[in-house]
Every structure is written in structure tokens, then in C-alpha cells.
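Trainee: I keep meeting labels like "paired", "antiparallel" and "buried" without knowing how anyone decides. Can we go through some of them together?
Mentor: Sure, let's look at the model and take the labels one at a time.
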Amino acid sequence: MPAVTETIETVQAVTDSTYKWGFETDIEMEFAPKGLSEDIVRFISAKKEEPAWLLEWRLRAFAAWQKMEEPRWPSVKYPPIDYQDAYYYAAPKQKVGPKSLDEVDPELLRTYAKLGIPLREQAILAGVEGAGESPAEGRMPIAIDAVFDSVSVATTFKDRLAKDGIIFCPISEAVKTHPELVRKYLGSVVPQGDNFFAALNSAVFTDGSFVYIPKGVRCPMELSTYFRINAKSTGQFERTLVIADAGSHVSYLEGCTAPMRDENQLHAAVVELVAMDDATIKYSTVQNWYPGDAEGKGGIYNFVTKRGACRGARSKISWTQVETGSAITWKYPSCILQGEDSVGEFYSVAITNNYQQADTGTKMFHIGPRTKSTIISKGISAGHGQNTYRGLVRIGAKATGARNFTQCDSLLIGDLCGAHTVPYIENRCMTAKVEHEATTSRIAEDQLFYCRQRGLSQEDAVGLIVNGFCREVLKELPMEFAVEAQKLLQISLEGSVG
Amino acid sequence: MTAAPQPGAAGFLARYQGLKDHLPGARLPWLAALRSDAAAHVAARGFPTRRVEAWKYTDLSPVAQAGFAEPLTAVAGALTLPKPRCAVRAVFVDGRFRADLSALDGLAYRAASVAQHLDALEGMLGALAPLAEHPMTALNTLMFEDGLFLDVPAGVDAGHLELLSIAVDPGRPFAFHPRHVIRLGAGAKLTLLESAIGGSAQYLHNPVFEIDLAEGAVLTHGRAQQEGEGAFHLSMIHARIAAEARYDTMAVSAGARLTRMEIHAALTGPKASCHMNSAQLAAGRAVVDTTTALDHAAPDCASRQTCKTVLAGQARGVFQGKILVRREAQKTDGYQMNQALLLSEEAEMDSKPQLEIYADDVKCSHGATIGALDADSLFYLRSRGVPADQARSMLVQAFLHEAFEGLEDDVLREALTAAVDGWWVRHGTAS
């Protein structure tokens, strides 16, 4: 089959040049000593001028982590990680928490400009790359918290948001300004000892975003955090906490990139969401960490714990993720559906090309009566990529009338990749209804033929079909992200078809 | 008499040490080596706990905690047997072959006791049953005393054969571990009806099948598990299916307090196919578990699987089904469906379908549903004057009978339908 040979050739021809976010910013950095110990945990806590309770909290997490074993059950392969051979704190040398953008290092501003992330509030363009082409008139801006290695360097539109009582700031700042909220909710969804990487994060997390939407407030703009790993031999351990009080509504976006390096860097984040009565949180991620080169060298290990608690009645948490980057992705954004009639959603597109590996999915815990969940997962494997959907739907005995629908579709491009589906379904409630469907196939020849016949190139045809395959998920993304995500899909698959 | 037998893997190992010179084939070096290998595995791993992924949903601790005696004294004399469903019949009592109760004369193929033909089984017995991954296969290999050896030569159509296993109550917990070895030559055909029944004693029935189908062979395997209420039924099938061969199995699990029917089948030649259907029913506090792994190792193969579960009382149902498609298995067509009906508020169903796919030109899908009886269908029947109980009964039976759709053999169909309907008569109205 010439198409196959061609595929292999083109896959091999893919160069790093397709990852255009792979540049490195040369900026003076401050590091903690290399390695991980109780002293490093104390160092980070001191650096952040944290209260004693938080240091204790971190130390408990660290003690728990030391007793834990790295999970081996995901179907991903990687050499052992030397946790002592990394920096756990790296920050650009500057005053912590600059008062205005004028105090931010211009080199940093240039970095974000280059990434297409506007940090100046007058830049009312849609905050993400590619959106410049769409008309911006009449659009609400996006408030951005920019996290650079271990610290947040700028947060925009804080004053505008404060008018509605919305708190949107780095979590290190929230610890000082709203300690009662942080203390109440931090670790309430993902406890310190939840799993190996969550425990590690709890011990050494450095920054991340904190969001609080007061009762009855509909957040007037999209909130967004942009994560950038820049320094060598560092890991990024951010912690995000979003609380939507009764009757509130927020849409939160998250983007991320990193320089191209031969070494693997660890990103172990924790995201906690809390939704009270009638509150809605929409959490979207376009994950574009450096995936490694065509030979599988380098790239980010993305080992992330994301979980939301629908505590209130009729609350809703919706996760949408487009996972195109990272050498390895290990991530299961989950919903704990406690409140009656609460709703959990998970929409995911995961692409693995070259030697990327992804083991991702969701967990839906139905606890309250009439809780509903929807899971739509689209996995695309190309090159030598390995893509696993792993999910759990658990219906508790009290979740009367609960409902789940799950659909997992996998697409294979080329015969060296793999697509795997591992759903766990546990139902303890007679009146609950659970449905699961999964399919695996390759792009149909007749679809390709149809497109080619109408003059599309092979690559465009595949792009079109893949975008169609992912449509159910992409339409859940906020407009600006959807545009970027579609392009990313195309770029991620570049060279994977003959 | 003697003290209660020691429980757990240690108990089995202790009894093996005492028995090993008396077990069949003790003087055969290859078998002694195989048994001692099995002993090492049993000693190292014991009974799997729920921390072992393959046993996540089925707790074997009631088996591990019970002390079983191996039935050393053969049950002799006449027994009341169920009416034969096939003219050719092999009967095993407590795992031992009973020539006097069987009807195996004048066959064009070999159907005989494993214990009496161990000389002929070197290289065959154990060839398809890896010990390392399968603790219950290891236990069977350690302790087996007998089983059915079926060897159908190439081109022979063997017709029907009934394999009947009866557990007779000796008044104390006991265990038996039959080892069945089935080989079909190229183009051979056999329809096997396997039934298991037993008294009310606590016993462990731990059969292992090794099924080897040569090119173009067709084995149709009906299974009716109707063990007694104190029974643990843990069965394992290891099957190898060569090019253009077909293995169809239809199982009903309608007895025992704990049942796990596990199948590991490999499609090793082009155009091989496998159907694995089952209906599993449980009431009271019973646990039923269907676990299958299908290995597509050659191109152009097809597999179909439908598993139906009905749970009443505080019963628990488990379905674990894995389809592996290897890189060379292009043009694979794989389909799997598992559906469960919960008839009571305290029943629980755990389901884990799984696809692991390394070839791109494949068509694989699975589906799973779990829920109560459809209220609309019930309403439809009631509105046409069908009483509630009868309407429920009709819907449940229709649901279960779907597992046997496409089963053309009348003998198997009748036996399996009878097993399903018998269960419903015993448990359906109470639930």
C-alpha cells in the first residue's frame, strides 16, 4: 500500500518546526536548590510568605507523598523519574506580584506577545492565538492570569471583575487576601493524599489561579489562565481553585505551552472546582505542551488531577479538553455529583502523533438523586501514538433516576499506533440508567475519496474528516478556543497522512 | 474424624503435598514437572484479591477462607441423573469420570477420561493454559484428578456430545478441579452441551478447558451452569482457534452462590471466528461474573459477543470483556454488547468492557447498558391487559433469550432456554 509507506515517510519527515511555541525566553531566573525535601517545601512556603497552616498542610502532603508509590496502571511507558533531579521553584527575578504591567519584565511581555496572549487590557482581542482573524467588535474581553514557571506574572481585568465581587487572582495572592476561602476549599475536592501526583503537587505547588464568583453573579467575561514552562530542569506544579457560589456562572479557559527541549519536564497540576446550588462552571482546556520530537525525544509529562464537586442542587460542571500536546498525558477530569439534579459533562479530544502517549478520560460519581452525566470522548492516534480512554461511571445506591450516557470513539491513522478503551461502569441503583458506546475505526476510504474527488488535498481531506469526527467536542469550546483548537488538530496531525 | 481442612492456598498446597503420589499421572515426569510449576505459582500468588485488576469486582475471599477437602473417596453406585439430552454422554461425579453412567461407545473419535489417557496428553495438556496469569488455572493444574479428553480427527463430524458434571453432597465442603482437553482436527465438527448440577453442599467446582481447533474446525459449545446454592463455580476456558475455524459458545449461568465463567480465546489464523454469548442470572446474595479476553492475532477474523445479566435481591453481576487486536490483525471485525437488568433496589452491576487496538483497518465497537425494566414497555403490555407479573416475566425472558439469537441447534437451544426459564420460575416472582 503506497499510502502506508508514504504515511511513514511523512511522519518521519515531521520536524520540530511544527511546534511554533517551542522558543525559549532568556530571562534572569531565581531557583530553589535542586531536589525535593522538607526544606524545599519550607523554602517554597517561605518564598510565598504563607501562613503557618498552609506550611503544615504542605508538609502533611509531603509526608503522605513519601509513602506513596507512583501509579503504574496507566498504559503509558516512560523511564523512571528522578524527583531529586529537578527544580521545584523557578521564578523570573522581579518583585513578586507587580502592581502594574509596567513593572513586569519587558522580556516576559514579549514572550506572551509572541505566544499571542495579550496582557494589556486595552488589547480587547480575543485572547488566544488565531482569533485575530475573526472580528473582535462587540466581544467581551478575556481576563488572563499568566503563570510563568512557578509564579503568576500578571493578571488582567482584576478591577473590572472586582466590581461584580469576583475574585480572580494568583492563588498565592488569594492565600493572603482571602485566607478564609482558600482554607475552606483548598484540598476539599482533591485531598492532599488523593494520589501520588496530587500529593506531590500539594507539597510543592507554587502558583495557579484562584477564582471566586459570588452568589448570583454571572461572570461578565471569560477567565483564562495561560501556563508557560520556560526554565530548564523544572517542573510546573500549579494549583487552580474555582468556586462558584449559589446561582453563579463562570467560563474558565486554560492554555499552555513550553519550549522544545530534549529533556522531559514534569507538569503535575491540581484543579479543584466547587459549584454550589444552581451554579455552573465551564472549564475548557487546550493543552498544547511540547509533545517531544518526531523520535519521541523530549516533551512534557502531563500528570494532572482535575476534579469538580457539584455540591449544590442543580449545579453543573462541564469539562472540555483538547489534548494535542505533551509526550505523556495522564489526566481524568472528574465530577462528584452530590447535589440533586446536578449535571456533569466531559467532552474530550485527545490526539497522539509520533511517540505521544495519552491515558485520559473521566470519572463521574453519581451520589445525589436525578444526577446526569454525559461523556463524549474522541481519541485520534497517528504515527506511533498510543491513546487510551479510561473512565469510571459510578452510580451510588441513592442516585435514584440518575442517567449517564457515554460515547468513546477512536480513530486510527496508520498501522503503528494504538487506540484503547477501558471504561468501568458500576451501578448500584435500579432506577438509574447507564449507556456506554465505543467504536474504533480508521478514516473511511469512501469519505476520503469523496473529498479528494472534490479537489481537496489528502491532508486537507483528513483534516476535514478529523474535524468532523471531533465536532461534538469542539462545539463545546468557547468560540475563540474552538478556532485555535481546530488549527491545532490540523497541526498535530501534520505529516501523519500520505 | 479429622480436623477441618486448612483454608486458602496453603490448604490446597498442604493437601497437594499429601496427595501428590496418588494423583493421576504421578509417575509421568512431564506432569510432575507441570504440577510442581503450578505449586510454585499457587504458593507465590495464592488466591487473587480484589487488588488484582482482573479480580477487581469479584471477591474470592469466601473461597479462600473455606477449607475444602478433595473428594478422595469416589462416589459409587447408582445416581439419579437428569434425562439425557444427547445420545452420547460423558458423566462426571465430583469431577471423576463414571464410565458406568456414560454412553460413549462406538464413536468415530476419542471421548474418554483424561486420567486414563495421560500418556497421550503430553504436550497437549497445559499447552494452552498459562499458569502465571491465571491463578485458578494454576490451582486446577495442581489438583486435577480427571476430565474429559475429546479428540476429533480431521474431517469428522462428531455430532452432539453431552458433558454432565454432578456434585454429590458428602456432608462437608469439598473441591474438585476437572481438566478437560478438547482437540478438533482440520474441518472436524462437534456440538458440545456442558451441564453442571449439584446438591446443596458447599463445594468448589473449578474446571479448566483447553480447546484447540485446527483449520476449519467448528465447535459449538452450549453451557448450562445450574450448580447448587452453596457452590462456587469458577470455570476457565483457554481456546486456540486456527484459520477459518469457529468457536461458538453460549452459556447460561443460573446457579451457585459465586460464579465466574472466564474465557480466554485466541484467533490465531486468518478468517477464524468466535461467538461468545451468555445469560447470567443471580438472586439472593449470589455473584455472577462473566470475564472474557479475545485475542485477535490474525487478519480477517470476526468476533461477536452478547452478555445479558439479570439481577434480583442483593445479587451482584460482573462483566469484564476485553478485545485485543494485534498489529497483524487487520480487517478485524469485533463487536461486543453487554446489557444488565436490575430487578431490585439492592442489586449491583459492574461492567468493564475494554478495547485494546493496534491495527488501523478494523471495525470494533462495544456497548453497555444497565438499568431497570423499561417502564414504557411494561405500560404497553399492561395497557393490553397483560397482568403486571406476566408482563415483567415476558420482558425479562425476551431480554435473556436475545443471548441465544442465531443459535440454530435445537438441542442446545432447548437446554439453555430450560435453564433460563427454570431460574425465572424459582426466583422471578420473588424479586
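Trainee: What makes you join strand β23 of chain A to β20(B)?
Mentor: First off, this is a predicted model. Now, strands count as paired if at least two bridges are found between them. Here 6 bridges join β23 (residues 418-427) of chain A to β20(B), so they pair. The two strands run antiparallel. To find the spot by eye, look for H420(A), which stands opposite E356(B) in β20(B).

Trainee: Which element gives the most to the side of chain B that touches chain A?
Mentor: The contact takes 30 residues from chain B and 28 residues from chain A. On the chain B side, β20 (348-357) and β21 (363-371) are the elements that give two or more residues. β20(B) gives the most, with 10 residues. By class, that side of chain B splits into 13 nonpolar, 8 polar and 9 charged residues.

Trainee: Why are α6(B) and α7(B) called roughly antiparallel?
Mentor: Check the angle. Helix α6 (residues 388-401) and helix α7 (residues 410-428) of chain B pack at about 150°, with their axes 11 Å apart. Angles over 145 degrees count as roughly antiparallel, and therefore these two helices get that label. Their crossing is right-handed.

Trainee: Which residues of α6(B) and α7(B) meet?
Mentor: From α6(B) you have S393(B), V396(B), Q397(B), L400(B) and H401(B). They meet T417(B), V420(B), D421(B), W424(B) and G428(B) in α7(B). That contact has 4 nonpolar, 5 polar and 1 charged residues.
Mentor: A handy rule goes with this: an α-helix has 3.6 residues a turn, so residues three or four places apart point the same way.

Trainee: How do you know that helix α4 of chain B is mostly covered?
Mentor: Count neighbours. A residue is buried if 20 or more other C-beta atoms lie within 10 Å of its own. In α4 (residues 135-143) of chain B, 9 of its 9 residues are buried, so "mostly covered" fits. Among them are P135(B), L139(B) and M143(B).

Trainee: What covers the buried residues of α4(B)?
Mentor: The cover includes helices α1 (8-19) and α2 (29-45), plus strands β7 (179-184), β10 (208-213) and β12 (231-241), from chain B.

Trainee: And how many of the residues in chain A are buried?
Mentor: Buried residues make up 58% of its 498 residues. Chain A has 12 helices and 24 strands.

Technical notes: Residues numbered from 1 in each chain as written. Chains lettered and ligands numbered in written order. Predicted model: local features only at pLDDT ≥ 70, side-chain atom pairs only at ≥ 80, totals over all residues. Contact = placed C-beta atoms within 7 Å. Helix = DSSP H or I, 4+ residues; strand = E, 2+ residues; numbered from the N terminus. Nonpolar A, V, L, I, M, F, W, Y, C, P; charged D, E, K, R; others polar. Axes fitted to C-alpha atoms, helices over the stretch in contact; angles between N-to-C directions. Parallel < 35°, antiparallel > 145°, perpendicular 65-115°, else oblique. Left-handed = near helix turned anticlockwise from the far one by under 90°. Buried ≥ 20, exposed ≤ 12 C-beta atoms within 10 Å, placed from the backbone.
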